Amino acid sequence: MLSNHASNEGKRTSLHGTWSSRMAFILAVTGSAVGLGNIWKFPYIVGENGGGAFVLVYLICVVAIGMPVMMSEILIGRRGRRNPIATMSLLGKEEGSSRHWQWVGAMGVLAGILILSYYSVIGGWTLAYVIKSIGGVFTGLDAAAVAADHSAFKSNWLMVAACHTIFMGMTTFVVARGVERGLEQAVRFLVPALVLLMLVLLAFAINSGYFAEGVRFMFTPSWDKLSWGGVLIALGQALFTLSIGMGAIMAYGAYLPEETSITGASAVVVIADTVIAILAGLIIFPLVFANGLDPASGPGLVFETLPLAFGHMAGGSFFSTVFFILLAFAAWTSAIGLMEPAVAWLVEQFHRTRSQAALSVGGAIWVLGLGSALSFNVLEDVQFMAGTIYDNVNYLSSNILLPVGALLITVFAGWVMCRNSTAEELGGAGVTYKAWRILARFITPIGILIVLINTLRPAIGRLLGS
Ligand code: PHE
């Protein structure tokens, strides 16, 4: 997918070449964006945060914060053409500021490692659910039986840890071979297939008799159910689902040809990602209400509602198998993006081979991930701050590291980089450029700051003992 024939008249080029086409780039970024975040995480946090108001805040965050951050990340990546740490250092100096901007890149590398440590555990669940589906485990089960099956699965630590190991192994394998091969093909087939299957499920949800209730839950804002904490979660999710705030998209942007429109590519990805998340909600919530389940039941939500739906469908085992295979693929293409910044950095900085770098990063993430895997069973009672180990890693990465990363990235693009540099990357000084610049300089940073300060105020107050 990456070709080494990029023309580079006087321009900086990436060691790794450039994407073969605009489509290749869009597919890679979409592959990274569409993942467990859309289908597993989005519905369960909507459920935990009361529905409509949360969804509205999420959509505002996607447009006003997600879109400008994504454009900033791609333009920084393309201008620097290195791994995120080296790019931030290089551009920091070049734009007359400081090499210390590299710490933003370093924070992103860390965020990717932390996210992947628990992402891989849930990715492992999808693999187990493929096997369960093939075995027809869900056929005819009622809601209580599906929930009991899920909780028995989670409490089996050996099983959860084994699935995590397999998922991490798959991810390390692809990253070691180089992301170029296979990824484009996988995504080209995956996203349309996923949407198609989701439409089948949507038809099932519409027929459940509770579709209107699901729609009402998702789109009627009841503001009393939303706290500042909820707003921070919506912001974190907008960043998480678009894969921004941690350098993955910056790394992909480094391979983008000069002539590709950053604004156009970003818009396509943002729309595709949002449609898939909303579709997931429209499938899950009618099923939740039709079966008297609790929308706030947490990370198990999708693993309880969908098997239930499949268990009562003609050809359910088949559809269930296909669905979990697609979900596993979606998780896989995202996991690759999470690992890429750390691996690219090891390769460029320490002259490791790709395989060596992938093995060390993959190994470290596997060990960290055991903490999350065990927090659903043997370490369930180890609780502090946000909850279990899994809850804490999840909270720290999505709700703290991604917002802070996104804030610094947009401040860099909006304030530190000079107008000429950003205008050149975004194609001139037209209306879209002006809109981006206003968002990136003011709306996005101020929005992120307000949310962060309001949520962290009580915690900081407690720390300071006031
Ligand atoms: N966007 C991915 C998802 O929604 C997760 C991800 C985050 C992937 C950050 C890469 C980088 O599942």
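**Helix H2, the ligand and four residues**

Q: Where is Ser227 found?
A: Helices here are DSSP runs (H or I, at least four residues; strands are E, at least two), numbered from the N terminus. Residues are numbered from 1 along each chain as its sequence is written. This is a predicted model, in which local features need pLDDT of at least 70 and side-chain atom pairs count only at pLDDT 80 or more, while totals for chains, interfaces and linings use all residues; side-chain values use heavy atoms, leaving out hydrogens and water. Ser227 sits in the loop between helix H9 (211-219) and helix H10 (228-241).

Q: Is Ser227 buried, partly exposed or exposed?
A: Buried means under 20% relative accessible area, exposed means over 50%, and partly exposed lies in between (1.4 Å probe, protein chains only). With a value of 42%, Ser227 is therefore partly exposed.

Q: How far does H2 reach from its first C-alpha to its last?
A: H2 covers residues 36-48, which gives it 13 residues. The expected span is 1.5 Å times one less than the number of residues. That comes to 18 Å, and the helix is close to it at 17 Å.

Q: At which residue does H2 bend?
A: A bend is the angle between axes fitted to the seven residues ending at a position and the seven starting there. In H2 this angle is about 35 degrees, and the proline Pro43 follows within four residues of the bend, which is at Phe42.

Q: How many residues of H2 are buried?
A: The list of buried residues includes Trp40, Lys41 and Phe42. The helix is mostly covered, and of its 13 residues the buried ones number 12.

Q: Which residues come nearest to the ligand?
A: A residue counts as near when one of its heavy atoms lies within 4 Å. There are 14 residues around the ligand, and the nearest are Ala33, Gly37, Tyr119, Phe240 and Ser243.

Q: How much of the ligand's accessible area does the protein cover?
A: A backbone N or O atom of Ser32 lies 3.2 Å from a nitrogen atom of the ligand, and the side chain of Asn38 has an N or O atom 3.5 Å from a ligand oxygen. A backbone N or O atom of Phe240 is 2.8 Å from a ligand nitrogen. On its own the ligand has 330 Å² of accessible area (Shrake-Rupley method, 1.4 Å probe). The share covered by the protein is 100%.

Q: To which residue's side chain does the side chain of Arg81 make a polar contact?
A: Arg81 lies in the loop between helix H3 (52-80) and H4, and it is buried because its relative accessible area is 4%. Its side chain reaches the backbone oxygen of Ala254 at 2.6 Å. A polar contact is a pair of N or O atoms within 3.5 Å; within protein, one must be able to donate a hydrogen and the other to accept it, and residues adjacent in sequence count only if both atoms are side-chain atoms. The side-chain partner, at 3.0 Å, is Glu258.

Q: Which residue's backbone oxygen lies 3.0 Å from a polar side-chain atom of Thr444?
A: Thr444 belongs to helix H18 (residues 431-463) and counts as buried because its relative accessibility is 0%. Leaving aside neighbours within four places in sequence, its contacts (heavy atoms within 4.5 Å) include Ile65, Pro68 and Thr410. The backbone oxygen belongs to Ala64.
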